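Trainee: I would like a close look at one part of this model, please: how much space lies in the largest pocket, and which residues lie nearest its centre?

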Amino acid sequence: MIHLAGDSTVAPTDDGASSGHAELPLLGWGDELAAFLTEPVSNRAFGGATTATFRERGNWKLITDELQAGDTVVFGFGHNDQKEPETLAAEGGYRERLTAFIEEVRSAGAKPVLTTSVERRMFTPEGALRYSHGPYPAEVRRLGHELDVPVIDLNAFTRWLYTWLGAEASAALFVHGAAAERGIEVSADLKKDNTHYTTAGAAAVARFVAEALRALDGEGTDAVPAGLEMVRK
């Protein structure tokens, strides 16, 4: 079983409630993950979650109550922690709470996996993609290195994804861009929302997470290298 703990960028779909159109849902990458894996996925992420409120609201207990030895727990926090720098600073409360989660997962015989936050799609007028998370992604990388916890670098991946697609085309990963392609009007808030995905964006990130999890499990290591087929005789 794969358990997901995180914020809205990981959370289940709203089935179109925000946009008013079922074909334009707002959802995190966690909602699409099961489509790319054979293992079952339990997604306890919710909008607005921080490393503090995830425990306070009881969602962490929902995970630990069903956690079994050999399970994997994937963490995706940071977007909201950075809004509370006094208590959840990257090198302070954020790091401390992630460390506590990791220790509890390991105590249960399960495997923790950290992710850096997906980037916000915020291009400057000159076309450069802003860094919107400050020290938080680096702190996750540092923590993973120090505690020997795998890190799936979604910040680096999504920065590549948005810039590879470009400022205009990358809009289709979000509700406002997908709505514009369909000629559908959405609210002013959604027109400015470059954080939360619609299906295309969530699926792209989920596919990367799925491949990363397979790599961490060692899938493919027993395959015969194809280079042998290309050796000239």
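Mentor: A pocket here is an open set of grid points with protein on both sides within 12 Å along at least five of seven lines, whereas a cavity is a set of points where a 1.4 Å probe fits but cannot get out. Please keep in mind that this is a predicted model.

With that settled, the largest pocket holds about 280 Å³ of space. Its lining is made by 16 residues, and those nearest its centre are Thr72, Lys111, Leu213, Leu216 and Asp217. Two elements, β4 (111-115) and α9, each give at least two residues to this lining. In chemical terms, the pocket lining is a mixture of seven nonpolar, two polar and seven charged residues.

Let us follow α9 away from the pocket, since this helix also packs against another one. Helix α9 covers residues 199-216, and helix α6, residues 154-165, packs on it at an angle of about 135 degrees, with the two axes 11 Å apart. That angle makes α6 oblique to α9. The crossing of α6 past α9 is right-handed. On the α6 side, Leu154, Phe157, Thr158 and Leu161 make the contact, and on the α9 side Ala204, Val205, Phe208 and Val209 do. Compare its make-up with that of the pocket lining: the contact of α6 with α9 has seven nonpolar residues, one polar residue and no charged residues.

Leu154 of α6, part of that contact, leads us to an enclosed space, as Leu154 is also among the residues that line the largest cavity. A search of the whole structure turns up one cavity of 30 Å³ or more, and the space in the largest cavity is about 40 Å³. Other residues of the lining include Asp7, Trp29, Phe77 and His79, together with Thr115, Thr116, Ser117 and Val118. By class, the cavity lining has five nonpolar, six polar and one charged residues.

For a second helix pair to set beside α6 and α9, look at α4 (residues 90-107) and α5 (residues 136-147), which pack at about 40 degrees with their axes 11 Å apart. Here too the angle makes α4 oblique to α5, and α4 passes α5 in a right-handed crossing. Among the contact residues are Tyr94, Arg95, Leu98 and Ile102 of α4, and Tyr136, Glu139, Leu143 and Glu146 of α5. The classes in this contact are eight nonpolar, one polar and six charged residues, whereas the contact of α6 with α9 has no charged residues.

Key
Residues numbered from 1 in each chain as written. Predicted model: local features only at pLDDT ≥ 70, side-chain atom pairs only at ≥ 80, totals over all residues. Heavy atoms only, no water. Axes fitted to C-alpha atoms, helices over the stretch in contact; angles between N-to-C directions. Helix = DSSP H or I, 4+ residues; strand = E, 2+ residues; numbered from the N terminus. Parallel < 35°, antiparallel > 145°, perpendicular 65-115°, else oblique. Left-handed = near helix turned anticlockwise from the far one by under 90°. Contact = heavy atoms within 4.5 Å. Nonpolar A, V, L, I, M, F, W, Y, C, P; charged D, E, K, R; others polar. 1 Å grid on protein atoms, 1.4 Å probe; cavity = no way out; pocket = protein on both sides within 12 Å on 5 of 7 lines; lining within 4 Å. Points joined across faces, edges and corners; volume = space filled by probe spheres on them.
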